[in-house]
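Pull up the model and rotate it until you have a view you like. We'll take a walk through it, beginning with a single residue and working outwards from there.

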Amino acid sequence: MGDSLEILLTNDDGIDSPGIRALYESLQEVGNVTTVAPATDQSAVGRAMSYEVEVEEHEIGYAITGTPTDCVVAGLTEIGPYPDLVVSGCNNGANLGAYVLGRSGTVSAAVEAAFFDVPSIAVSLHVPNHLWPYDTSIEEYDVAADAATYLAEHALESGMFEGAEYLNVNAPMPNGESVPMEVTRPSHVYDMDTTNEAGVITLHDRTWEQMSDETLPDAEGTDRRAVFEGKVSVSPLTAPHTTHRHESLDELVTEYRF
């Protein structure tokens, strides 16, 4: 689609993060990029909305004193130009598994775009557990940026957004070798617990610990399994919430008497 492709770029790590810079530079190869991103780190805010935000011009676009959702709404309705595609990322840290999708600010920006009927791609970088927490460099997003740029260039024309509203993409860090891409589904593995010490309850997400284990419980075809094996995971998804008819619920509703 070349330069005719209009792309709105956002993230949740903030406009000064290396991940968004990597995507900004790469995506310009396939279209016109307008960046509207949080002025500060807004990780894990989900689809939180501020309703009133300030906007300032930035070297790579516009900085918003709000959340990723604020950025998408402001970018689509006020700042423009109206995009063909929204790209969110690249996040420092993977966004894998069904239970993560609603918490992630990166993914939530893509979901917000989907509600506007604009195709979108959420992009995240998997940082191995033994390195975490880790300050990434722009170069370490090369695989993620290449994958996102490839999808941005080809996904719309392929017709794949006729069956999906957004893509959740997770990529490994570069290792000097060719990295394959795999279509996946979100893993449903979930493992959280808590400890209570002197009235303070601490939540522990054990799911990520399994990413260092050779006995990873995730099935073939899941996003976590693909990234664990060093692949780029691409999950085609629809914005929540998809509804299904259930005969048992139909019967309950029919029998209801107030």
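In which strand does S124 lie? Look for strand β6, since that's where S124 sits. Keep in mind that what you have on screen is a predicted model.

So is S124 buried or exposed? It counts as buried, because its relative accessibility is 0% and the cut-off for buried is under 20%. Its side chain makes a polar contact with the side chain of N95, at 2.8 Å. Leaving out residues up to four places away in sequence, S124 also touches a fair list of others: C90, N91, G93, A94, N95, T106, V169, N170 and A171.

Now zoom out to the sheet. β6 is part of an open sheet of nine strands, in the order β3-β4-β2-β1-β5-β6-β7-β11-β8, and the pairing is mixed. At the edges you'll find β3 (55–58) and β8 (181–183), each of which pairs on one side only. From one strand to the next, the twist averages 20°. If you're colouring side chains by face, remember that in a regular strand they alternate between the two faces of the sheet.

Next, follow β5 (residues 85–92). β5 and β6 run parallel and are joined by five bridges, with N92 standing opposite L125 in β6. β5 also pairs in the parallel sense with β1 (residues 6–10), this time over four bridges. Here T10 stands opposite S88 in β5. How many of the residues of β5 are buried? Eight of the eight are, so the strand is largely enclosed by the rest of the structure.

Part of the packing to look at here involves helix α1 (residues 18–27). This helix lies across β1, β2 (32–38), β5 and β6 (120–125), and it runs at about 140° to β5. α1 is mostly covered, with seven of its ten residues buried. Those are G19, I20, A22, L23, Y24, S26 and L27. They pack against β1, β2, β5 and β6, and also against α5 (142–158).

Time to look for empty space. Rolling a probe the size of a water molecule over the atoms shows where it is left. In this model the largest pocket holds about 520 Å³. Which of its 20 lining residues are closest to the centre? They are G93, A94, N95, W132 and W208. Three of these names should ring a bell, as G93, A94 and N95 are among the residues that S124 touches. β5 and α4 (105–115) each supply at least two residues of the pocket lining.

Finally, head out to the edge strand β8, where M181 lies. Unlike a buried residue, M181 counts as partly exposed, because its relative accessibility of 38% falls between the 20% and 50% cut-offs. Setting aside neighbours within four places in sequence, M181 is in contact with A147, Y150, L151, V232 and V234. There's a link back to our starting point, too: A171, one of the residues touched by S124, is ten residues from M181 along the chain, and their C-alpha atoms are separated by 8.8 Å.

Definitions and conventions: Residues are numbered from 1 along each chain as its sequence is written. This is a predicted model: local features need pLDDT of at least 70, side-chain atom pairs count only at pLDDT 80 or more; totals for chains, interfaces and linings use all residues. Side-chain values use heavy atoms; hydrogens and water are left out. Two strands pair if DSSP finds at least two bridges between them. Axes are lines fitted to C-alpha atoms, for helices over the stretch in contact, and angles run from 0 to 180 degrees between N-to-C directions. Contact means heavy atoms within 4.5 Å. Buried means under 20% relative accessible area, exposed over 50%, partly exposed in between (1.4 Å probe, protein chains only). A polar contact is a pair of N or O atoms within 3.5 Å; within protein, one must be able to donate a hydrogen and the other to accept it, and residues adjacent in sequence count only if both atoms are side-chain atoms. On a 1 Å grid over the protein atoms alone, a cavity is a set of points where a 1.4 Å probe fits but cannot get out, and a pocket is an open set with protein on both sides within 12 Å along at least five of seven lines; lining residues have an atom within 4 Å of a point. Grid points are joined across faces, edges and corners, and a volume is the space filled by probe spheres set on the points.
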